[in-house]
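Visitor: I would like to go through this model by question and answer. Please show it, and then we can start.

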Amino acid sequence: QVQLVESGGGLVQPGGSLRLSCAASGSIFTIYIMAWYRQAPGKQRELVAAITSGRDTNYADSVKGRFTISRDNAKNMVYLQMNSLVPEDTAVYYCNADAATAKGRRADYWGQGTQVTVSS
């Protein structure tokens with residue numbers, strides 16, 4: 001099994017910044033893709049940003065130029081630097097990993113989520 005734990009959420013004013021972190025642990029053989037998703041009240045969960053083990057990245061149009069995803073493969077960590085935050089970024093942010101365990105089981109794993117609130 002793979003466990004994901006997010007941190008770094010909170011309340012921030014419009015125009016501010018936050019940095020989310022996600023630590024993966026457990027019986028990890030390799031992590032192929034790490035990503036951040038978010039879900040706002042009454043809305044479906046959506047992809048925010050993703051990064052491959054080779055550090056190729058993909059962003060939702062709504063966050064391009066404001067958010068940056070990065071990862072540390074040695075530490076099994078993924079980060080999301082969020083700048084120029086707007087109220088529409090308010091959501092629960094979830095860490096996701098496409099990973100294979102030491103027993104060869106490949107699956108999608110999710111963290112418990114961290115709340116980001118952008119408000120004055």
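Visitor: Is C22 buried or exposed, and what is its relative accessible area?
Guide: This is a predicted model, and the value is computed from it. Buried means under 20% relative accessible area. C22 falls under that cut-off and is buried, with a relative accessible area of 0%.

Visitor: Which residue does C22 join in a disulfide?
Guide: A search of the whole structure finds one disulfide. Its sulfur atoms are 2.1 Å apart, and it joins C22 to C95. C95 is buried too, at a relative accessible area of 0%. The partner of C22 is therefore a buried cysteine, C95.

Visitor: How many residues apart in sequence are the parts that this disulfide ties together?
Guide: The disulfide joins C22 to C95. C22 lies in strand β3 (residues 18–26) and C95 in strand β9, so the parts tied together are apart in sequence by 73 residues.

Visitor: Is the disulfide left-handed or right-handed?
Guide: The handedness follows from the torsion about the S-S bond of C22 and C95. That torsion is about -85°, so the disulfide is left-handed.

Visitor: In what order do the strands of the open sheet stand?
Guide: Strands of a sheet pair through backbone hydrogen bonds, either parallel or antiparallel. Here four strands form an open sheet, and the pairing is antiparallel. The order is β1-β3-β8-β7.

Visitor: Which strands stand at the edges of that sheet?
Guide: The order of the open sheet is β1-β3-β8-β7. An edge strand here has a single partner strand, so one side of it is left without a neighbour in the sheet. Neighbouring strands of the sheet are turned by 15° against each other on average, direction ignored. The strands at the edges are β1 (2–7) and β7.

Visitor: Which side chains of β7 point to the buried face?
Guide: Along strand β7 (residues 67–72) the side chains alternate between two faces. T68, S70 and D72 point to one face and are not buried. The side chains that point to the other face and are buried are F67, I69 and R71.

Visitor: Which residue in β8 does I69 stand opposite?
Guide: β7 and β8 run antiparallel and are joined by six bridges. S70 of β7 stands opposite Y79 in β8. I69 stands opposite L80.

Visitor: What phi does N76 take in the hairpin of β7 and β8?
Guide: The hairpin has four residues between its strands, and N76 lies in this loop. N76 is partly exposed, with a relative accessible area of 23%. Its phi is positive although the residue is other than glycine, with a value near 55°.

Visitor: Where does R55, with its positive phi, lie?
Guide: R55 is not a glycine, yet its phi is about 70°. R55 is partly exposed, at a relative accessible area of 46%. R55 lies in the loop between β5 (46–52) and β6 (57–59).

Visitor: Which residues meet R38 in salt bridges?
Guide: The structure holds five salt bridges. R38 is buried, with a relative accessible area of 6%. One salt bridge of R38 has an N to O distance of 2.7 Å, to E46, which is partly exposed at 35%. Another, at 2.9 Å, is to D89.

Visitor: How many residues apart in sequence are the parts that R38 and D89 tie together?
Guide: Both R38 and D89 are buried. R38 lies in strand β4 (residues 28–39) and D89 in the loop between β8 (77–82) and β9 (91–101), so the pair ties together parts whose separation in sequence is 51 residues.

Visitor: Which residues do salt bridges with shared partners join into one network?
Guide: E46 and R38 meet in a salt bridge, and so do R38 and D89. Salt bridges that share partners also bring in R66. The network is R38, E46, R66 and D89.

Visitor: Are K64 and D61 buried or exposed?
Guide: The side chains of K64 and D61 meet in a salt bridge, N to O 3.1 Å. The cut-off for exposed is over 50% relative accessible area. Both K64 and D61 are exposed.

Visitor: How far from the ring centre of Y32 is the charged end of R106?
Guide: R19 lies over the face of Y79, at 4.1 Å from the ring centre. The charged end of R106 sits over the ring of Y32, and its distance from the centre is 3.7 Å.

Conventions:
Residues numbered from 1 in each chain as written. Predicted model: local features only at pLDDT ≥ 70, side-chain atom pairs only at ≥ 80, totals over all residues. Heavy atoms only, no water. Lys NZ or Arg CZ within 6 Å of the ring centre and 35° of its normal. Salt bridge = Lys/Arg side-chain N within 4 Å of Asp/Glu carboxyl O. Buried < 20%, exposed > 50% of the residue type's maximum accessible area, 1.4 Å probe, protein only. Pairing = 2+ DSSP bridges. Disulfide = S-S within 2.5 Å. Axes fitted to C-alpha atoms, helices over the stretch in contact; angles between N-to-C directions.
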